[in-house]
Each structure stands twice: as C-alpha cells, then as structure tokens.
Protein chains: 2
Amino acid sequence: MDVNILLFPDFETLDAFGPVEVLGQISEYTLRYVSMDGGTITSRQKTPIMTEPIHHTDVTGILLIPGGQGTRPLVNNDDFIRKLGDAANLSTYCLTVCTGSALLARTSLLNGRKATSNKLAFEWVKSVNPSVQWMEHARWVNDGKYYTSSGVSAGIDMTLGFIADQFGEAQAREIAHHIEYVWNSDKTNDPFSIC
Amino acid sequence: MDVNILLFPDFETLDAFGPVEVLGQISEYTLRYVSMDGGTITSRQKTPIMTEPIHHTDVTGILLIPGGQGTRPLVNNDDFIRKLGDAANLSTYCLTVCTGSALLARTSLLNGRKATSNKLAFEWVKSVNPSVQWMEHARWVNDGKYYTSSGVSAGIDMTLGFIADQFGEAQAREIAHHIEYVWNSDKTNDPFSIC
C-alpha cells in the first residue's frame, strides 16, 4: 500500500517524520512525499524536501497530513482544501498530526466524527469547523478511516496505534523497541490535556 | 549559531528530524542541511532532502550526525571519515544519534571519551573503535563538546538535554511541552539498556 505524505510550506518537521519513521518500518508500505504542485517544500524548521505533485499520485492508500504554522493560511485556501478533500476522500486511511486535523476538518469530511488536535492550538482548530466532535482529552482519536493526533510527538504514538490496528500490537511494540521509543499506547492517556 | 545537519544516503529519518524539531525552536540557531558533496540525499525511509556541500559551509557551530544503515559502509570510507573528522574537530558542539557515534568514533575524536549508541547495534559500534569508553547503560552521554545518544528517539531526549545545558532546564521543558513530548530528562535512565 502507498503512503502519501502531503507536505506544504511551513509544515512542522516532526509531525511528518515521526509517523514516517514508524510507517517506514513496514515493508508492505511504499512512502511517497507529495505536495499540491510538486517541487521543493520547506518545513518550519527549514528542511527542503523534494515532492511529487499529488495529481501524479495514486492517492487510494494512506494519506498523512502534518500540521504546523503552514496550516493557518491554508484553511482559507479553497483550492487547496478542495484538492485535499478529493485526496482524503479517495484514501483508504487518512492520518493527521497536530493542526493537520484543522485542514482535514475544513474539507467537511470530519463532520459529526470524533477528532483531536494540538492542545495549544485547540480553540483555533475548533473554530475552523465546530461540526466536528473535537475531543479535548485524547492522545489520538480513531473514527472510521480517520486517525487524528494531538501535537507533534503524539503523531508517533498514533502511528504506532495505527500499526497495532493493522498488524497487531506485537508489531507496533517491535517497531517501538527498534526505534528505542517509549510508546504511550493508550490513546486516552493525554499528558497535555487542558481539561 | 549555525546548526549543520550532516546527511548521507540511508540515514535514519528520525535520527535527524527529532533533534531538528527541538533545535528548530531556538531562534538563535540557523539550521542547514549539508552532505559531503551536496545535492539530494535520500533517507532510509525514502525522504529526499536537498543539501549543501559541507565544504561551502561554516562548520564552527553545532554539527549533528544521525545514524542508520548508511553508517555501515561509511565507517570504511576513508575520505568521508577524514572530512567528518575535520568538520567535527572545528565544531563547537558535536551531537550524534544512534549509530552516528560509530562514524564519529572512527575519526578517533572520541578516543578515551565516554559515548553511547543504539543498544541493538552496540556490539558492532564497539568494534568500530574499542578505544572509546562505550557506555552500555545511558540514554545519552555528554563528554566535553560531544553528545552521543542511544537509538533513534533517544536523540530527542539528548537534544532537549543539550538545550537544558545551553539555555537552562526551563527552556528545554517549554520546548518539550510545545511539541507535546514526554521528555526523559535523566540521561542515566535507559529503558532499552542491555545490561
């Protein structure tokens, strides 16, 4: 299955590369770095990544959407949100990290569903689309094909949880051990909750 | 101060981008992605990163060396090791993650110093240079200007420890909170130790 990592200017580096580290351990997955127009995309931490245009890509696999400062202008970019909605709709699974859930919420695909986001940006995220059931106390949330996580490093916990759902908990624990990561495997255990 | 992130083919993605996420929160730091010859460098998880040639770069700041499968052939690449030694020698601080310490050990700059590495690769790392005081039980080790960490995600803990040493523990805790990361702030607390 293809994993498409959707990058945009000023995405938060670890939002993408925490999950990438986990997903990259699965031999059945092929990782691809995509953006709306292709070319070089630079993260908030100035990392220049080469991307393929998303319209050249088979988007029916896993779609990963990071967050970061770059999400703030993009929630008001109708063309971006329309294309994102098309890709997320076609995906088999769609994972967001941090304020990546604000972008996905803007497409309306999360309407009526449970989702979460970074606790420091929570009021803004809720304001983007109040029709989502925003969960203020959750390390990550799974609702149907959608997985949404809290801030930055929560993306690693969520992605290990996704792997546990797909391949069993033993596989997730083996990956966590391999990357010497102390996995918070309980999605309701949110050390950064504001409530 | 400049932070030079030294990339090479098949580096482990999170080894570089965990520390990058932390270092990128410090406004005094300018992050640069470098390699021995410049151009596109692809990580083990197939991330294509654009890099500058290291000889075009002021290397007197912080040098970050990730690990990964790519270190295995490089310990026997005399030209790479010589250039790495020159850069590490000129650096003010030199940080390695996972088997990045094997590369640094090969330059002889760690001889007689305390250092650590990934616990799953420890026997190989020790064999690269037995003149280093390899610490089998350590999340990370600091000896002079050198910081070496255990595997992959340990790089995040080490880099927060480095920030605590540079700017005080409150600053490190603020960054950890900002990225919703539960920091293992005790470098002697090694959950993946083999001894």
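Is Cys94(B) buried or exposed? In this predicted model, Cys94(B) turns out to be buried, with a relative accessible area of 0%. Its sulfur has no partner to bond with, because the closest cysteine sulfur, that of Cys98(B), sits 15 Å off, too far for a bond. Cys98(B) is buried as well, at a relative accessible area of 6%. Looked at from Cys98(B), the closest cysteine sulfur is the one in Cys94(B), and 15 Å is again too far for a bond. A disulfide, after all, is a covalent bond between the sulfur atoms of two cysteines. Over all chains, the count of disulfides comes to 0.

Next comes the place where the two chains meet. Here 37 residues of chain A are in contact with 37 residues of chain B. The size of an interface is often given as the accessible area lost when the parts come together. For chain A and chain B the buried area is about 3000 Å², with carbon and sulfur atoms giving 63% of it. Salt bridges between chain A and chain B number 0. Polar contacts, on the other hand, do turn up across this interface, in 20 residue pairs with both residues at pLDDT 80 or more. On the chain A side, at least two residues each come from helix H1 (13–23), strand E2 (30–35), strand E4 (48–53), helix H6 (154–167) and helix H7 (169–178). H1(A) makes the largest contribution to that side, with 6 residues. Sorted by class, the chain A side that touches chain B holds 18 nonpolar residues, 13 polar ones and 6 charged ones.

One residue to look at in strand E4 of chain A is Ile49(A). Ile49(A) is buried, its relative accessible area being 0%. Setting aside residues up to four places away in sequence, Ile49(A) touches Leu7(A), Phe11(A), Phe17(A), Tyr33(A), Gly39(A), Thr40(A) and Ile41(A) in chain A, plus Thr47(B), Pro48(B) and Ile49(B) in chain B. Leu7(A) lies 42 residues from Ile49(A) along the chain, yet their C-alpha atoms are separated by 8.6 Å.

Over in chain B, Thr51(B) belongs to strand E4 (residues 48–53). Thr51(B) is buried too, with a relative accessible area of 10%. Its side chain makes a polar contact of 2.7 Å with the side chain of Ser35(B). The Thr51(B) side chain also reaches the backbone oxygen of Gly39(B), at 2.6 Å. Ser35(B) and Gly39(B) show up again among the contacts of Thr51(B) beyond four places in sequence, along with Leu7(B), Tyr33(B), Val34(B), Gly38(B) and Ile41(B).

Back to charges: the count over all chains is 20 salt bridges. One of them pairs Arg32(A) with Asp2(A), their closest N and O atoms being 3.3 Å apart. This pair links distant parts of the chain, since Arg32(A) is in strand E2 and Asp2(A) in strand E1 (residues 2–6), 30 residues apart. As for exposure, Arg32(A) is partly exposed at 22% relative accessibility, whereas Asp2(A) is buried with a relative accessible area of 18%. The cut-off for buried is under 20%, so these two values fall on opposite sides of it.

Other salt bridges stay within a helix. In helix H3 (residues 78–90) of chain A, Arg82(A) and Asp79(A) are 3 residues apart, about one turn of the helix. Their side chains meet in a salt bridge with an N to O distance of 2.7 Å. Both ends are partly exposed, Arg82(A) with a relative accessible area of 49% and Asp79(A) at 36% relative accessibility. Helix H7 of chain A holds Glu169(A) and Arg173(A), which are 4 residues apart, again about one turn of the helix. The closest N and O atoms of the Glu169(A) and Arg173(A) salt bridge are 2.9 Å apart. Here too the partners are partly exposed, with Glu169(A) at 44% and Arg173(A) at 39% relative accessibility. Shared partners, finally, tie Asp79(A), Arg82(A) and Lys83(A) into one salt-bridge network.

Conventions. Residues are numbered from 1 along each chain as its sequence is written. Chains are lettered from A and ligands numbered from 1 in the order in which they are written. This is a predicted model: local features need pLDDT of at least 70, side-chain atom pairs count only at pLDDT 80 or more; totals for chains, interfaces and linings use all residues. Side-chain values use heavy atoms; hydrogens and water are left out. Contact means heavy atoms within 4.5 Å. Buried area is the accessible area (1.4 Å probe) that two parts lose on being put together, summed over both. A salt bridge is a side-chain nitrogen of Lys or Arg within 4 Å of a carboxyl oxygen of Asp or Glu. A polar contact is a pair of N or O atoms within 3.5 Å; within protein, one must be able to donate a hydrogen and the other to accept it, and residues adjacent in sequence count only if both atoms are side-chain atoms. Ala, Val, Leu, Ile, Met, Phe, Trp, Tyr, Cys and Pro count as nonpolar, Asp, Glu, Lys and Arg as charged, and the others, Gly among them, as polar. A disulfide is a pair of cysteine sulfur atoms within 2.5 Å. Buried means under 20% relative accessible area, exposed over 50%, partly exposed in between (1.4 Å probe, protein chains only).
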